[in-house]
Amino acid sequence: VVIAAKAGWNDDPHHGHLDVGQFMVYWRGQAYIRDLGTAEYDELYFGPEKYDTPHADSRGHNLIFVNGEQQVPGKLKGKPFDETIGGEILEFRPSKSRDYTLMDPTNAYPGKHIKGWRRHIILEKPEITVVLDEVSAEKGAEIEARFHSECTQTAKDGYTLIKGKEGTMALIPVIAGDFSFRPGRHAYQAIFKKSTFRWIPYNGTVVEARAKDTVLAHIILPVEDDTEAEAIVKSVKRNVDGNRTITLAFEKAGESYRYSFEKTGEGLVLK
């Protein structure tokens with residue numbers, strides 16, 4: 001498995017996409033969690049309308065959405081720069097057995113609905129991905145974690161099965177309280193002669209904020225079939241101790257995995 005992730009400033013009017021916090025998961029030659037890439041170059045793509053395409057705006061990326069709020073550009077052609085719009089990578093810890101990165105994309109959004117967002121990404125080598133999102137929003141807000149794939153995503157009971165040409169992965173939410181899966185699709189057609197219309201599918205994990213701070217986690221890993229995926233789902237445990245340390249644990253193929261995120265003044269950090 002290879003993971004790619006991004007944070008930075010939304011200040012490039014030519015090549016920039018509104019995708020701070022984006023991540024992708026590649027395995028066996030396919031993007032099980034994908035980036036849509038660049039849209040076809042039509043006349044509108046070189047102006048502000050570029051950000052009406054799912055390829056360039058937030059809708060078409062694997063991000064967090066609070067009440068549907070999207071990221072905004074820090075630079076449009078002919079307009080001044082706003083160098084405060086974007087996010088940053090706060091920490092990166094590589095090692096032979098595990099890589100960990102922590103990013104904060106909060107300032108990529110207008111801030112009307114999303115008050116804070118920190119994304120933690122772990123690669124447990126060679127092939128297990130854990131993504132944990134800390135989201136601050138008003139109680140009752142709708143929070144969606146969105147996932148695009150070039151493989152086939154099928155929502156099941158408690159997990160999503162992602163079937164590729166050379167193998168199958170499961171995407172397993174670990175969330176306190178109820179959640180639902182909400183499949184969707186983007187309509188896309190470039191504006192030029194003989195262009196073709198197409199739908200771009202995605203799936204979202206949706207929760208309602210029960211308090212100011214909500215923590216969503218997802219485990220993404222290879223499975224043989226539904227039977228193995230269901231066994232992993234049943235093994236998942238989420239615990240919060242008196243110090244507000246959050247621990248995620250699960251089992252796969254007889255092996256136990258455990259991740260603890262310690263509460264600090266800024267937010268959670270992997271111990």
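Guide: A pocket, as the word is used here, is an open set of points on a 1 Å grid with protein on both sides within 12 Å along at least five of seven lines. The model under discussion is predicted.

Visitor: Which elements give two or more residues to the lining of the largest pocket?

Guide: The largest pocket holds about 620 Å³ of space. Its lining comprises 30 residues, and those closest to the centre are Val135, Asp213, Thr214, Val215 and Arg238. When the lining is sorted by element, those that give two or more residues are strands S7 (116-124), S8 (128-136), S14 (198-208), S15 and S16 (237-240).

Visitor: How many residues of that lining, the lining of the largest pocket, are charged?

Guide: The class division of the lining of the largest pocket begins with eleven nonpolar residues and eight polar ones. The remaining class in that division, the charged residues, numbers eleven.

Visitor: Which residues that line the second largest pocket are the closest to its centre?

Guide: The second largest pocket contains about 210 Å³ of space. Of the 14 residues that line this pocket, the closest to the centre are Pro13, His14, His15, Tyr45 and Lys50.

Visitor: By how many degrees, on average, are neighbouring strands turned against each other in the sheet of eight strands?

Guide: The sheet is open and antiparallel, and its eight strands follow one another in the order S5-S6-S7-S8-S15-S12-S11-S10. Because S5 (88-93) and S10 (152-155) each have a single partner strand, they stand at the edges, and one side of each is left without a neighbour in the sheet. Between neighbouring strands of this sheet, with direction ignored, the average turn is 15 degrees.

Visitor: In S6, which residue is the bridge partner of glutamate 91?

Guide: S5 and S6 (residues 98-104) run antiparallel and are joined by five bridges, while a hairpin of four residues connects the two strands. Along this pairing, glutamate 88 stands opposite aspartate 104 of S6. For glutamate 91, the bridge partner in S6 is leucine 102.

Visitor: At about what angle does helix H1 run to S15?

Guide: Helix H1, made of residues 226-235, lies across three strands, namely S11 (160-163), S12 (168-175) and S15 (213-223). Relative to S15, the helix runs at about 145 degrees.

Visitor: What is the average twist from one strand to the next in the sheet of four strands?

Guide: Four strands form this open, antiparallel sheet, in the order S4-S9-S14-S13. S4 (64-66) and S13 (180-188) each have a single partner strand and so stand at the edges, with one side of each left without a neighbour in the sheet. From one strand to the next, the twist averages 30 degrees.

Visitor: In S14, what is the bridge partner of arginine 146?

Guide: S9 and S14 are paired in the antiparallel sense, over six bridges. Within this pairing, the bridge partner of arginine 146 in S14 is glycine 204.

Visitor: How many residues apart are phenylalanine 23 and phenylalanine 147?

Guide: The count of aromatic pairs comes to seven. In the pair of phenylalanine 23 and phenylalanine 147, the centres are 6.3 Å apart and the planes meet at 85 degrees, and because an angle over 60 degrees counts as edge-to-face, that is the class of this pair. Phenylalanine 23 belongs to S2 (residues 23-27) and phenylalanine 147 to S9 (residues 142-147), so that the pair links distant parts of the chain, with a separation in residues of 124.

Terms used:
Residues are numbered from 1 along each chain as its sequence is written. This is a predicted model: local features need pLDDT of at least 70, side-chain atom pairs count only at pLDDT 80 or more; totals for chains, interfaces and linings use all residues. Side-chain values use heavy atoms; hydrogens and water are left out. Two strands pair if DSSP finds at least two bridges between them. Axes are lines fitted to C-alpha atoms, for helices over the stretch in contact, and angles run from 0 to 180 degrees between N-to-C directions. Contact means heavy atoms within 4.5 Å. On a 1 Å grid over the protein atoms alone, a cavity is a set of points where a 1.4 Å probe fits but cannot get out, and a pocket is an open set with protein on both sides within 12 Å along at least five of seven lines; lining residues have an atom within 4 Å of a point. Grid points are joined across faces, edges and corners, and a volume is the space filled by probe spheres set on the points. Ala, Val, Leu, Ile, Met, Phe, Trp, Tyr, Cys and Pro count as nonpolar, Asp, Glu, Lys and Arg as charged, and the others, Gly among them, as polar. Rings of Phe, Tyr and Trp (its six-membered ring) pair if their centres lie within 6.5 Å; planes under 30 degrees apart count as stacked, over 60 as edge-to-face and the rest as tilted.
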